[in-house]
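Dear colleague,

Please find below the structure I am handing over to you. A summary of what was found in it follows.

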Amino acid sequence: MNLTSTNTNSLNGEIICPGDKSISQRILILGSLLNCDMEISGFLDANDPNSTLNALNEIGASIKKSGSKVILCKRELPFIKPSQNLDLGNSGTGMRLMIGLISGLGINATLVGDSSLSKRPMSRVIKPLKEMGAKIQSNEGKSPIEIIESNISSEFEYKMPIASAQVKSSLILASLSSNNSITIIEPKITRDHTERMIEYFGGSVTHSNDESGRITVDNSKLTSKDSYEIVGDFSSAAFVIVATLISKESKVVIKNVGLNPSRCGLLEILVLMGANIEIRNQKIICNEESGDIFVKSSYLNGIDVPEDIIPNIIDEIPILSIAASFAKGTTSIKNASELRVKESDRLEAISDGLKKLNIRHETFEDGISITGTNNLIAVDEEINSFDDHRIAMSFLVAGIRSVNNIKVRNCKNIETSFPGFKDIMNSIGMKIDEKN
Ligand code: S3P
């Protein structure tokens with residue numbers, strides 16, 4: 001599916017942020033482990049959470065969708081060896097978290113994914129899980145991943161060489177599902193939804209008081225609850241925020257956005273760039289901050305993005321690159337080599353698209369610097385999404401500042417994280433069409 005985004009004058013209105021993808025996947029996994037009846041609201045009904053849902057049902061969980069809710073039912077039987085390969089589709093989070101969970105459960109299973117997921121590195125979870133006692137075979141650190149029934153050691157301690165919430169969560173789930181304690185030392189703070197969720201269900205998570213990034217999750221009994229509410233996905237809100245900022249005379253409200261500090265670093269960066277953003281109605285929902293974001297068109301200035309914040313804006317760098325393309329001066333992003341192993345090599349994908357937008361930029365092994373323009377951009381060539389949802393959505397947003405329009409090839413993958421993207425963006429004034 002190809003989409004065309006035609007230039008727009010102003011965006012206005014109010015939208016409700018779709019459910020958080022990371023939290024949707026985690027509540028399915030943790031809820032299945034808790035083994036209780038639970039009603040989940042705000043679930044992101046998109047391909048990534050759905051492939052995690054199906055994989056969990058394959059190993060014996062009982063999860064059903066009912067209208068806008070997801071219902072978890074108490075299992076009568078233990079988890080089982082699945083009768084077929086578990087297909088995690090495009091979801092790196094789904095695969096890495098499920099590898100941890102299944103290693104801890106001590107059942108046999110083989111995990112596979114689509115062509116993009118099959119190229120992504122899984123050794124970052126396989127190596128520490130093997131040190132914990134798991135038996136795992138892989139295709140040189142990539143899927144298919146075969147997990148063989150084994151025992152996980154207790155009191156494991158792991159110093160993570162890379163800042164990755166997926167690795168951290170995978171190891172925590174392995175220790176939790178095998179009734180063990182674990183200590184993880186992270187080099188930089190990464191998204192902490194897993195830890196917050198464990199605490200929400202009464203588990204014990206200790207953070208060191210110093211700067212060492214040490215997190216201990218004790219083998220404590222979690223208490224079931226009959227409902228869980230998922231806050232909106234900041235990563236999806238990011239497209240609406242930047243679209244509003246770069247369009248003229250615009251004013252948009254995004255309601256119910258997850259504002260976990262380990263996720264919304266982009267707000268800090270955009271405010272440093274001069275963005276007019278206000279947060280109202282802040283509250284805590286199921287141990288996660290949330291609020292409404294009020295955003296207005298703004299003149300942005302380029303900045304050097306602080307390196308420490310990168311793990312907290314990692315999924316927002318494609319759309320930040322679009323904000324930088326229309327900012328005055330140069331924005332420099334470094335220390336972001338993780339972008340090379342996402343759904344696509346995002347540094348390459350961003351650069352390829354910016355070339356077609358005639359935006360001055362330079363790529364590095366670990367980042368990119370972008371010099372913005374105040375002019376409308378004339379784009380003759382089609383943009384390649386590289387089959388990556390966040391690349392597709394980012395370049396569609398850039399269509400707002402085109403002379404005419406921008407066509408993005410292969411946008412099907414938007415459904416992995418933001419199925420309502422086209423309609424939601426059009427409801428505030430964008431003009432995104434399906435054209436071939
Ligand atoms: C995620 C963590 C991030 C992020 C991904 C979702 C998660 O990956 O890029 O989209 O849900 O834990 P890393 O933590 O591996 O960088």
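**Gly-92 and its surroundings**

Gly-92 touches Leu-117, Arg-120 and Gln-166, when residues up to four places away in sequence are not counted. Please bear in mind that this is a predicted model. Gly-92 belongs to helix H3, which comprises residues 92–105. With a relative accessibility of 4%, Gly-92 counts as buried, because the cut-off for that class is under 20%. Gly-92 and Gln-166 are 74 residues apart along the chain, and their C-alpha atoms are separated by 8.1 Å.

**The ligand**

Gln-166 is also one of the residues that surround the ligand. The others are Ser-22, Arg-26, Thr-93, Ser-164, Ala-165, Arg-191, Ile-314, Asp-315 and Lys-342. Side chains of this group come within polar distance of ligand oxygen atoms as follows:

- Arg-26: an N or O atom of the side chain is 2.6 Å from an oxygen atom of the ligand.
- Asp-315: a polar side-chain atom lies 2.6 Å from an oxygen atom of the ligand.
- Thr-93: a polar side-chain atom lies 3.5 Å from an oxygen atom of the ligand.

On its own the ligand has 390 Å² of accessible area, of which the protein covers 94%.

**The sheet S21-S22-S1-S23 and helix H12**

Four strands, in the order S21-S22-S1-S23, make up an open sheet with mixed pairing. Strand S21 (383–384) and strand S23 (431–434) are at the edges with a single partner strand each, so one side of each has no neighbour in the sheet. Within this sheet, strand S1 (residues 3–6) pairs with strand S22 (residues 405–409) in the antiparallel sense, over four bridges. Ser-5 is found opposite Ile-406 of S22. Helix H12 (residues 389–398) packs on the sheet and touches S1, S21, S22 and S23. The direction of H12 makes about 170° with that of S22.

**Helix H11**

H12 and S21 appear again in the cover of helix H11: the elements over its buried residues include both of them, together with helix H10 (317–325), strand S19 (360–364) and strand S20 (367–371). Eight of the 11 residues of H11 (residues 346–356) are buried, so the helix is largely enclosed by the rest of the structure. The buried residues are Arg-346, Leu-347, Ala-349, Ile-350, Ser-351, Gly-353, Leu-354 and Lys-356. At the N-terminal end, Asp-345 acts as the cap of H11, with a side-chain oxygen 3.2 Å from the backbone nitrogen of Leu-347. After H11 comes Asn-358, which has a positive phi, near 60°.

**The sheet S4-S5-S3-S14**

A further open sheet has four strands in the order S4-S5-S3-S14, and its pairing is mixed. Strand S4 (62–66) and strand S14 (227–229) are the edge strands, each pairing on one side only. On average, neighbouring strands of this sheet are turned by 20° against each other, direction ignored. Strand S3 (residues 38–41) and strand S5 (residues 69–73) run antiparallel and are joined by three bridges. Met-38 has Leu-72 as its bridge partner in S5.

**Strands S10 and S11**

Strand S10 (residues 156–159) shows a covered face with Phe-156 and Tyr-158, whereas Glu-157 and Lys-159 form an uncovered one. In a regular strand, side chains alternate between the two faces of the sheet. S10 and strand S11 (residues 182–185) run parallel, with four bridges between them. Ile-185 in S11 is the bridge partner of Lys-159.

**Two further buried residues**

Which loop holds Ser-247? Ser-247 lies between helix H7 (234–246) and strand S15 (251–258). Its relative accessibility is 3%, and Ser-247 therefore counts as buried. The side chain of Ser-247 reaches the backbone oxygen of Thr-244 at 3.2 Å, and a polar contact of 2.8 Å links it to the side chain of Ser-250. Not counting residues up to four places away in sequence, Ser-247 touches Asn-9, Leu-11, Ser-297 and Ile-400.

Asn-50 is located in helix H2 (residues 47–58). Asn-50 counts as buried at 15% relative accessibility. Leaving aside neighbours within four places in sequence, Asn-50 is in contact with Phe-43, Asp-45 and Lys-65.

With kind regards

Notes. Residues numbered from 1 in each chain as written. Predicted model: local features only at pLDDT ≥ 70, side-chain atom pairs only at ≥ 80, totals over all residues. Heavy atoms only, no water. Pairing = 2+ DSSP bridges. Helix = DSSP H or I, 4+ residues; strand = E, 2+ residues; numbered from the N terminus. Contact = heavy atoms within 4.5 Å. Axes fitted to C-alpha atoms, helices over the stretch in contact; angles between N-to-C directions. Near = heavy atom within 4 Å. Polar contact = N/O pair within 3.5 Å; in protein donor to acceptor, adjacent residues only side chain to side chain. Areas by Shrake-Rupley, 256 points an atom, 1.4 Å probe, with all protein chains shown as cover. Buried < 20%, exposed > 50% of the residue type's maximum accessible area, 1.4 Å probe, protein only.
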